[in-house]
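User: Could you take a close look at one spot in this structure for me, and then show me what else is worth noticing around the chain? I'm a first-year student, so please keep it plain.

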Amino acid sequence: MNMDTVVSPRWRLGFALLAILCAALVFGGFYKDQFREWKDWQHRFVEQEVARATTAEERDTARRIPIEIRQIHLPALGRVDRCTTCHLGVEDPTYAGYPQPFAYHPNHDRHPFEKFGCTICHGGQGRATSAKAAHGHVRYWEEPLLPMKYVQASCGKCHLPTDVPEAEALTNGKLLFENLGCRGCHRLGGEGNSIGPELDRVGRRRTPEWLVQHFRDPARATPGSAMPPVRVSDEEVEQLTVYMMSLTAEPLTEYYLSMKSVPGPDLGRRLFEEKGCIGCHSVAGKGGGVGPPLDRVGERRNAEWVYDHFRDPQKVSPGTVMPRFGFTDHEARALTQFVLTLRDTDIVGYLKIPALMSPVARGKEVYRKLGCAGCHGPEGKGGIPNPNAKTGEQVPSLLYVAEGYSPAELKDFVLRGQPEIASLDPTRPKPPLYMPSWRGKITPGELDDLVAFLRSLLPKEAAVEF
């Protein structure tokens with residue numbers, strides 16, 4: 001049968017239009033691929049390299065730089081980063097001071113790209129190849145590029161916040177969080193209360209801009225919030241924001257999690273306290289006498305000897321009574337760094353070892369640890385707004401609890417809490433802040449110390465009258 005008698009002119013026109021459309025799509029795809037944003041940057045980089053060349057050989061080498069996607073595969077982090085497709089000068093010190101995307105990345109040897117990539121620290125969408133998408137400024141992407149003033153937050157994914165000396169904002173933000181008593185309302189790492197939302201993943205849920213606004217005016221950021229404005233300086237607000245942005249609950253493999261124990265004096269101090277080293281060794285004349293004093297130990301021993309001693313005391317000092325604690329490599333190095341700093345005669349106060357502290361001093365630490373300052377203030381003076389509370393629409397002061405409660409009554413009150421706060425006006429919403437129960441969350445010894453601290457707040461003139 002002749003095909004001309006089967007295919008009508010209408011079908012012929014349809015096939016022709018479809019062929020033209022397919023050709024247009026192929027040509028359009030080819031054209032778009034030739035003029036992609038990343039290719040433009042790579043061509044510019046090649047031109048820059050040619051212009052910087054000083055010999056014919058260097059110019060030929062520059063011209064042969066391939067125009068291609070560059071990516072870093074990080075299976076341990078579940079990431080693929082293509083940032084170096086555009087950021088081509090990150091490992092070349094001669095590009096220091098150049099504008100982005102060709103600028104050199106200082107100190108990259110501390111976090112090699114092949115092991116860490118880029119987005120683990122800077123945020124953004126590693127697989128993307130356009131600037132807008134790669135920087136994470138697209139719908140539904142949870143981790144946009146961090147502004148440089150907040151980039152220290154990423155250190156907290158792998159490091160303890162207080163173990164990165166260069167990340168001062170992160171360290172200060174962590175200390176502010178604890179000292180302001182934020183745990184009194186917020187739960188973090190399984191510790192704290194649930195008056196406010198838990199904070200383990202807040203760095204993934206919120207932007208830095210939102211957090212700054214929330215600290216300055218919580219009710220504006222979250223209508224109906226009972227949280228009072230945080231009364232700190234603008235610099236401290238930024239530091240708190242850095243710490244909050246570090247709380248991402250990043251899923252990391254064993255290698256990266258081990259970085260939480262990167263040797264640092266602060267980790268060493270905590271190990272020194274937890275293992276009860278002061279029971280056998282003295283510092284500044286205080287402590288045990290079984291082992292030698294540790295003042296200025298760095299003048300008597302080098303770091304290698306101290307490290308080996310922590311790993312295997314008997315091998316270094318045959319006959320020593322010091323047990324082998326089984327410290328990991330990271331822990332032994334952290335302890336070594338710490339004991340080599342023991343030169344300050346005021347180090348005992350810095351150590352905050354319970355056995356060397358008074359009950360009142362220990363109680364003050366419990367007060368801080370439980371986040372009591374979040375509602376009652378760092379000095380127990382109260383004054384935090386609590387709308388519709390009978391106590392003057394604010395959280396009451398603790399300065400005079402020694403007059404109104406016996407030690408036993410105070411202990412009972414702390415354990416029982418006060419979930420129902422008397423309302424000033426029954427037609428208005430109930431007061432948002434309340435006293436949680438601490439039963440099961442505080443040890444008997446901590447409770448004794450906390451009561452000692454609370455009773456110590458009574459002003460001297462009132463104590464005399466009492």
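**A loop residue, and then the rest**

Analyst: Let's start with tyrosine 140, which sits in the loop between helix H6 (131-134) and helix H7 (168-179). Keep in mind that you're looking at a predicted model. What catches the eye at tyrosine 140 is its backbone: phi is positive, about 75°, even though this residue is not a glycine. Most residues other than glycine have a negative phi. As for its surroundings, tyrosine 140 has a relative accessible area of 69%, and since anything over 50% counts as exposed, that is the label it gets.

Glutamate 393 has a positive phi too, about 60°, and again it's not a glycine. You'll find glutamate 393 in the loop between helix H20 (373-376) and helix H21 (401-404). Its relative accessibility is 29%, so glutamate 393 counts as partly exposed.

There's another backbone oddity to look up. Most peptide bonds are trans. The one joining glutamine 100 and proline 101, however, is cis, with omega at about 15°. Proline 101 belongs to the loop between strand S2 (79-81) and helix H4 (113-116).

Now let's go inside. In soluble globular proteins, nonpolar side chains tend to be buried together. Here the largest nonpolar core has 25 residues, and the ones touching the most other members are Phe177, Leu199, Phe215, Leu240, Tyr243, Met244 and Leu247. H7, the helix that ends the loop holding tyrosine 140, is one of the elements giving two or more residues to this core, along with helix H9 (208-216) and helix H11 (234-245). H11 supplies the largest share, six residues.

Pick out leucine 247 if you'd like to trace some contacts. Leaving aside residues up to four places away in sequence, leucine 247 touches Leu188, Leu199, Asp200, Arg201, Val202, Gly203 and Arg204. A second core, separate from the largest one, has 21 residues, including Leu410, Met435, Trp438 and Leu454.

Finally, not every nonpolar residue here is tucked away. Leu13, Leu17 and Ile20 make a nonpolar patch on the surface, and together they have about 320 Å² of accessible area. Leucine 17 lies in helix H1 (residues 9-34). With a relative accessible area of 52%, leucine 17 is exposed, as tyrosine 140 is at 69%.

Technical notes:
Residues numbered from 1 in each chain as written. Predicted model: local features only at pLDDT ≥ 70, side-chain atom pairs only at ≥ 80, totals over all residues. Heavy atoms only, no water. Helix = DSSP H or I, 4+ residues; strand = E, 2+ residues; numbered from the N terminus. Buried < 20%, exposed > 50% of the residue type's maximum accessible area, 1.4 Å probe, protein only. Core = buried A, V, L, I, M, F, W, Y, C linked by side-chain atoms within 4.5 Å. Contact = heavy atoms within 4.5 Å. Patch = residues over 30% accessible without salt bridge, like charges linked within 9 Å, V, L, I, M, F, W, Y side chains within 5 Å. Areas by Shrake-Rupley, 256 points an atom, 1.4 Å probe, with all protein chains shown as cover. Salt bridge = Lys/Arg side-chain N within 4 Å of Asp/Glu carboxyl O.
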